[in-house]
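I opened the file to look up a few helices, two single residues and one pocket. These are my entries, in the order I made them.

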Amino acid sequence: MELQKIFGANVRHHRRAVGWTLEQLAGEVGVSRETIGKIERGISAPLFETVEKIAQTLGVSPQALLGAKSFPSGARGETLSSINGILANMNDKQLVRTQKMLEALKGG
């Protein structure tokens, strides 16, 4: 289940980075808007063929979408995974504000 959530968050990050709607990505991949929505929310696990189509459409490797850069185990990994999920649901304006807040917390 965790892999589904990581995959979904990564799809959402990359889709938003190219400025596409759910409908646009769904049309390019050949699936419904609802399917992409469920994938992004981590509710539905796509077939490998669909993973490859999504990756190709977004111009990234399937490994990148599947979380090739995995989080460490334990509490730190769970926290990072949770933060990643929250960030994936933010729009660009919210991401910029969050980045500024994090930089202020970090002290730089």
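Entry 1, a leucine. I began with L58, which sits in helix α4. I kept in mind that this is a predicted model. Is L58 buried or exposed? Its relative accessible area is 8%, under the 20% cut-off, so I put L58 down as buried. I then listed what L58 touches, leaving out residues up to four places away in sequence: V11, H14, R15, V18, W20 and L25. I also took a distance along the chain: L105 is 47 residues from L58, and their C-alpha atoms are 33 Å apart.

Entry 2, the rest of α4. I looked for the other buried residues of this helix and found T50, V51, I54 and A55 beside L58. They cover an arc of only 135° around the axis, so they are on the same side of α4. Which helices do the buried residues of α4 pack against? I noted α1, α2, α3 and α5, the last of these being residues 62–65. On the face turned away from the buried side I found the exposed residues F48, E49, E52 and Q56. Just after α4 comes G59, for which I read a positive phi of about 75°.

Entry 3, α3. I went back along the chain to helix α3, residues 33–40, where I36, G37, I39 and E40 are buried. Their arc around the axis is only 160°, which puts them on the same side of α3. I checked what covers these buried residues and found α1, α2 (22–29) and α4 (48–58) among the elements that do. G42 follows α3, and I noted that its phi is positive, near 75°.

Entry 4, α6. How far apart are the end C-alpha atoms of α6? I read 21 Å; with 15 residues at 1.5 Å a residue the helix should span 21 Å, so the two agree. I then marked its buried residues as G77, S81, N84 and A88. Seen down the axis they fall within an arc of 60°, so they line one face of the helix. I found that this buried set packs against α1. The face turned away from it carries A75, R76 and E78, which are exposed.

Entry 5, an isoleucine in α6. I picked I83, which also has its place in this helix. Its relative accessibility is 39%, between the 20% and 50% cut-offs, so I83 counts as partly exposed. For a distance I took E28, 55 residues from I83 along the chain, and read 29 Å between the C-alpha atoms.

Entry 6, the second largest pocket. I recorded a volume of about 160 Å³ for the second largest pocket. Of its 14 lining residues, I wrote down K5, I6, A9, S81 and G85 as the closest to the centre. Which helices each supply at least two residues of the lining? They are α1 (2–17) and α6 (74–88). I counted five lining residues from α1, the largest share. By class, I sorted the lining into four nonpolar, five polar and five charged residues.

Entry 7, cross-reference. I noted that S81 appears in two of my lists: S81 is one of the buried residues of α6, and S81 is among the residues closest to the centre of the second largest pocket.

Note on methods. Residues are numbered from 1 along each chain as its sequence is written. This is a predicted model: local features need pLDDT of at least 70, side-chain atom pairs count only at pLDDT 80 or more; totals for chains, interfaces and linings use all residues. Side-chain values use heavy atoms; hydrogens and water are left out. On a 1 Å grid over the protein atoms alone, a cavity is a set of points where a 1.4 Å probe fits but cannot get out, and a pocket is an open set with protein on both sides within 12 Å along at least five of seven lines; lining residues have an atom within 4 Å of a point. Grid points are joined across faces, edges and corners, and a volume is the space filled by probe spheres set on the points. Ala, Val, Leu, Ile, Met, Phe, Trp, Tyr, Cys and Pro count as nonpolar, Asp, Glu, Lys and Arg as charged, and the others, Gly among them, as polar. Buried means under 20% relative accessible area, exposed over 50%, partly exposed in between (1.4 Å probe, protein chains only). The arc is that of the directions from the helix axis to the C-beta atoms. Contact means heavy atoms within 4.5 Å. The expected span of a helix is 1.5 Å times one less than its number of residues.
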